Amino acid sequence: MHVTWERTWSRWPGVACALFGLANIIGALAGPAELWFPGIVIGSVRAAIGLKGGLPLFESVPRAVVPGTEWIPRGLRSIRRRRIAASLSPLIWLPIAAIILPRVPETLLATIFLLTALPFVAVCAIWGLSGCPRCGGYFNPVLRPRFSLSMSRCDKCDLGIHDA
Ligand SMILES: [Zn+2]
């Protein structure tokens with residue numbers, strides 16, 4: 001899967017976000033050991049987003065190897081698959097968390113919680129940050145929450161998820 005970074009921010013918000021991430025890491029390391037891992041993970045994500053100046057964009061179709069006429073049907077198919085995976089992931093995660101977390105000692109709780117949630121967060125992030133096969137921008141309204149959230153049409157060019 002090809003990942004590009006959309007430079008959505010100007011320089012200073014990115015720098016601020018990166019510094020905030022570094023502060024998270026330092027703050028976590030100065031605190032109790034059970035917060036090291038969550039602090040480092042969350043801090044590094046913030047630092048990476050800040051340094052890259054925006055969020056990653058996960059291409060829905062490998063444009064370099066797929067002929068142009070196939071981009072839209074294949075891209076939409078992969079966005080539909082990612083949407084199903086993202087909507088199923090809480091249903092899979094909840095029972096796993098319900099079984100594992102009560103058995104975990106309290107000092108490890110934050111770490112284990114994050115470890116179990118990470119794969120599912122990743123599945124949702126890949127769907128949420130999918131690229132539109134027609135216009136190449138984000139398919140979903142990223143960083144622009146709307147009241148009537150439509151996740152079935154491209155936010156930029158209005159391509160419908162079932163159009164092909
Ligand atoms: Zn589009």
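In which sense, left-handed or right-handed, does α1 pass α2? I opened the notebook with this point and found that α1 passes α2 in a left-handed crossing. I note at the outset that the model is predicted.

**Entry 1. Overall layout**

I looked up the elements and found four helices and two strands in the protein. Read from the N terminus, their order is β-α-α-β-α-α. I then took the extent along the principal axes, where the C-alpha atoms fill a box of roughly 55 × 40 × 35 Å. Of the 164 residues in the protein, 16% are buried. I also looked up the contacts with a separation of 6 or more, and 59% of them join residues 24 or more positions apart.

**Entry 2. α1 with α2**

I returned to the pair of the opening question. Helix α1 covers residues 11-30 and helix α2 covers residues 36-52. Their axes lie 7 Å apart, and the packing angle is about 165°. An angle over 145 degrees counts as roughly antiparallel, and α1 and α2 are therefore roughly antiparallel to each other.

I listed the residues that meet. On the α1 side they include G14, C17, A18, G21, I25 and A28. On the α2 side they include W36, P38, G39, I42, G43 and R46. By class, I recorded 15 nonpolar, eight polar and one charged residues for the contact of α1 with α2.

**Entry 3. Two neighbours in α2: G43 and I42**

I examined G43, which is found in helix α2. Is G43 buried or exposed? G43 has 21 other C-beta atoms within 10 Å, and is therefore buried, the cut-off for a buried residue being 20 or more. With neighbours within four places in sequence left aside, G43 is in contact with G21, L22, N24, I25 and A28. Each of these five also appears in the list of α1 residues that meet α2. As a longer check, I took the C-alpha to C-alpha distance from G43 to P95: 28 Å in space, for 52 residues in sequence.

I42 also lies in helix α2. I found 15 C-beta neighbours inside 10 Å, so I42 counts as partly exposed. From I42 to G21 the separation is 21 residues in sequence and 7.3 Å in space, C-alpha to C-alpha.

**Entry 4. α2 with α4**

I looked next at α2 and helix α4, the latter spanning residues 109-128. What is the angle at which α2 and α4 pack? The angle is about 45°, with the axes 7 Å apart. α2 and α4 are therefore oblique to each other. F37, P38 and V41 are the α2 residues in this contact, and A110, T111 and L114 are those of α4. By class, the contact has five nonpolar, one polar and no charged residues.

**Entry 5. α3 with α4**

I then took α3 and α4, whose axes come within 8 Å and cross at roughly 170°. α3 and α4 are therefore roughly antiparallel to each other. The contact draws on α3 residues including R82, R83, A86, W93 and I96, and on α4 residues including I112, T116, F120 and W127. By class, I recorded 14 nonpolar, two polar and two charged residues here.

I followed I96, which is found in helix α3. With 13 other C-beta atoms within 10 Å, I96 is therefore partly exposed. I96 and I112 are 16 residues apart in sequence, and their C-alpha atoms are 11 Å apart in space.

**Entry 6. The nonpolar core**

Which residues make up the largest nonpolar core? I found eight residues in all: L57, F58, L76, I79, C132, Y138, F139 and C154. At least two residues of this core come from β2 (56-58), and at least two from α3 (71-100). In soluble globular proteins, nonpolar side chains tend to be buried together.

I looked up one core member, F58, in detail. Leaving aside its neighbours within four places in sequence, F58 is in contact with M1, V3, I126, L129, S130 and G131. Of these contacts, I126 is also listed among the α4 residues that meet α3.

**Entry 7. A backbone angle at D158**

I closed with D158, placed in the segment after α4. D158 is not a glycine, although its phi is positive, at about 70°. I counted 12 other C-beta atoms within 10 Å, and D158 is therefore exposed.

How values were computed:
Residues are numbered from 1 along each chain as its sequence is written. This is a predicted model: local features need pLDDT of at least 70, side-chain atom pairs count only at pLDDT 80 or more; totals for chains, interfaces and linings use all residues. Axes are lines fitted to C-alpha atoms, for helices over the stretch in contact, and angles run from 0 to 180 degrees between N-to-C directions. Angles under 35 degrees count as roughly parallel, over 145 as roughly antiparallel, 65 to 115 as roughly perpendicular and the rest as oblique. A crossing is left-handed if the near helix is turned anticlockwise from the far one by less than a right angle, and right-handed if clockwise. Two residues are in contact if their C-beta atoms, placed from the backbone, lie within 7 Å. Ala, Val, Leu, Ile, Met, Phe, Trp, Tyr, Cys and Pro count as nonpolar, Asp, Glu, Lys and Arg as charged, and the others, Gly among them, as polar. A nonpolar core is a set of buried Ala, Val, Leu, Ile, Met, Phe, Trp, Tyr and Cys residues joined through C-beta atoms within 7 Å.
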